[in-house]
Amino acid sequence: MEVLAEVVRSGLVESRHRGVAVGVDAAGDVVWSMGDPGTVVFPRSSNKPIQALGMLRAGLPLDGRLLALASASHSGEPFHLEAVREILGLAGLDESALQTPASYPLDPHVHADVLRAGGGRAPIFMDCSGKHAAMLLTCVVNDWSLDTYLDPEHPLQVKITETFTELTGGPPPVVGVDGCGAPLLATELQQLARAVGRIIQGPAGTPGARLVGAMTAHPEYVSGTRRAELALMRAVPGLVAKSGAESVYVVGLPDGSAFALKIEDGGERPLYAVMNRALELAGVQAPLLREHPVVLGGGHPVGEVRPAF
């Protein structure tokens, strides 16, 4: 893998992060890469737009902010939790139906609020609970089993895998288990970019267009009010951004081109600076793209995490 980012402290390169990055055009052709774009990765939560599209094709009756939440790794802020309960309510269910692991909210401020209030981990706090609520609603409208909705052979997961296979150009070479317990479908990094580009190009009135419209209209539901994805989606109108655990990130532009990257060590520190640089090289213009994470010394800026290309 290539060196994608450097950590500079007081003028010295202190650390380096390696990875793979790829950009494809609207036709899906690779136009730029660092490292092997055919590297197979687990997209983790970068898969969520594909999963949400599979649910829409199976009859998921959501739009707007609730559909955005179905594609989210939410921060666990109060409005996220209210929306999860709203989706469950449409299915005639409550939080006990969620099979997400009990967790604290992803946002550290909200996490602290829970602790101050004497609370603990709960399935609804898990950042995938919006997706799981949407999965349960999809099962209800199809009269599918709720107890086994995470089984790879369940009709819901079969439908999602069919959608994934179509968009990525082939069946997943590896099927694992994601942190939330759902089936985790591997693909080449370039195919992840192509899949998101294809979703963005969905004609008006199609499930893909519904999903993109929901995500771009309600980016705070896709992530949270203090998240890098939200800042990028607001800085570049029409852009769709979705990160995943172990430092995976996919971004689609309104013209159907898309970028995906994976940081080899799984650390998030360089993730957004690297993607921002890739977008800048592609001609996207926004002041945000030139911002880099700050390295502190004695509580003061003494360096940065910068792209190495």
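Angles under 35 degrees count as roughly parallel, those over 145 as roughly antiparallel, those from 65 to 115 as roughly perpendicular, and the rest as oblique. Axes are lines fitted to C-alpha atoms, for helices over the stretch in contact, and their angles run from 0 to 180 degrees between N-to-C directions.

Welcome! The model is a predicted one, in which local features need pLDDT of at least 70 and side-chain atom pairs count only at pLDDT 80 or more, while totals for chains, interfaces and linings use all residues. Residues are numbered from 1 along each chain as its sequence is written, and side-chain values use heavy atoms, with hydrogens and water left out.

**Exercise 1: Starting at the N-terminal strand**

Find strand E1, residues 2–9, and work out how many bridges join E1 to strand E2. (Strands, E with at least two residues, and helices, H or I with at least four, are DSSP runs numbered from the N terminus.)

*Solution*
- Start with the direction: E1 and E2 (residues 12–24) run antiparallel, and seven bridges join them. DSSP must find at least two bridges between two strands for them to count as a pair.
- Now pick out residue partners. Val3 has Arg18 of E2 as its bridge partner, and Val7 stands opposite Ser15 in E2.
- Finish at the turn. The two strands form a hairpin with two residues between them, and Ser10 in that turn has a positive phi of about 55°.

**Exercise 2: Another partner for E1**

Which residue of E12 stands opposite Ala5?

*Solution*
- Jump along the chain to strand E12, residues 300–307.
- E12 and E1 pair over five bridges in the antiparallel sense.
- Look across from Ala5: the residue opposite is Pro307.

**Exercise 3: Following E2**

How many bridges does E2 make with E10, and how many with E3?

*Solution*
- Take E10 (residues 258–263) to begin: six bridges join E10 to E2, and the two run antiparallel.
- Check one contact in this pair. Val24 has Ala258 of E10 as its bridge partner.
- Turn to E3 (residues 30–34), which pairs with E2 over four bridges, again in the antiparallel sense.
- Find a pair of facing residues here: Ala21 stands opposite Met34 in E3.
- Look at the link. E2 and E3 make a hairpin with five residues between the strands, where Gly28 takes a positive phi near 90°.

**Exercise 4: Positive phi in the loops**

In which loops do you find Arg44 and Asp143?

*Solution*
- Go to Arg44, in the loop between strand E4 (40–41) and helix H1. Its phi is near 50°, a positive value in a residue other than glycine.
- Move on to Asp143, in the loop between H5 and helix H6 (155–168). The phi of Asp143 is near 60°, a positive value that again belongs to a residue other than glycine.

**Exercise 5: How the helices pack**

Are H1 and H8 roughly parallel, roughly perpendicular or oblique to each other? Sort two further pairs in the same way: H1 with H5, and H5 with H6.

*Solution*
- Recall the idea behind the exercise: two packed helices are described by the angle between their axes and the distance between the axes.
- Take H1 and H8 to begin. The axes of H1 and H8 (residues 207–217) come within 9 Å and cross at roughly 130°, and H1 and H8 are therefore oblique to each other.
- Next, compare H1 (residues 48–57) with H5 (residues 129–142): their axes lie 10 Å apart and the packing angle is about 20°. This angle is why H1 is roughly parallel to H5.
- Then take H5 and H6. Their axes are 10 Å apart and the helices pack at an angle of about 110°. H5 and H6 are therefore roughly perpendicular to each other.

**Exercise 6: Handedness of the crossings**

Which hand, left or right, does each crossing have: H1 with H5, H5 with H6, and H1 with H8?

*Solution*
- Set the rule: a crossing is left-handed if the near helix is turned anticlockwise from the far one by less than a right angle, and right-handed if clockwise.
- Look at H1 and H5, whose crossing is left-handed.
- Turn to H5 and H6: here the crossing is right-handed.
- End with H1 and H8, which cross in a right-handed way.
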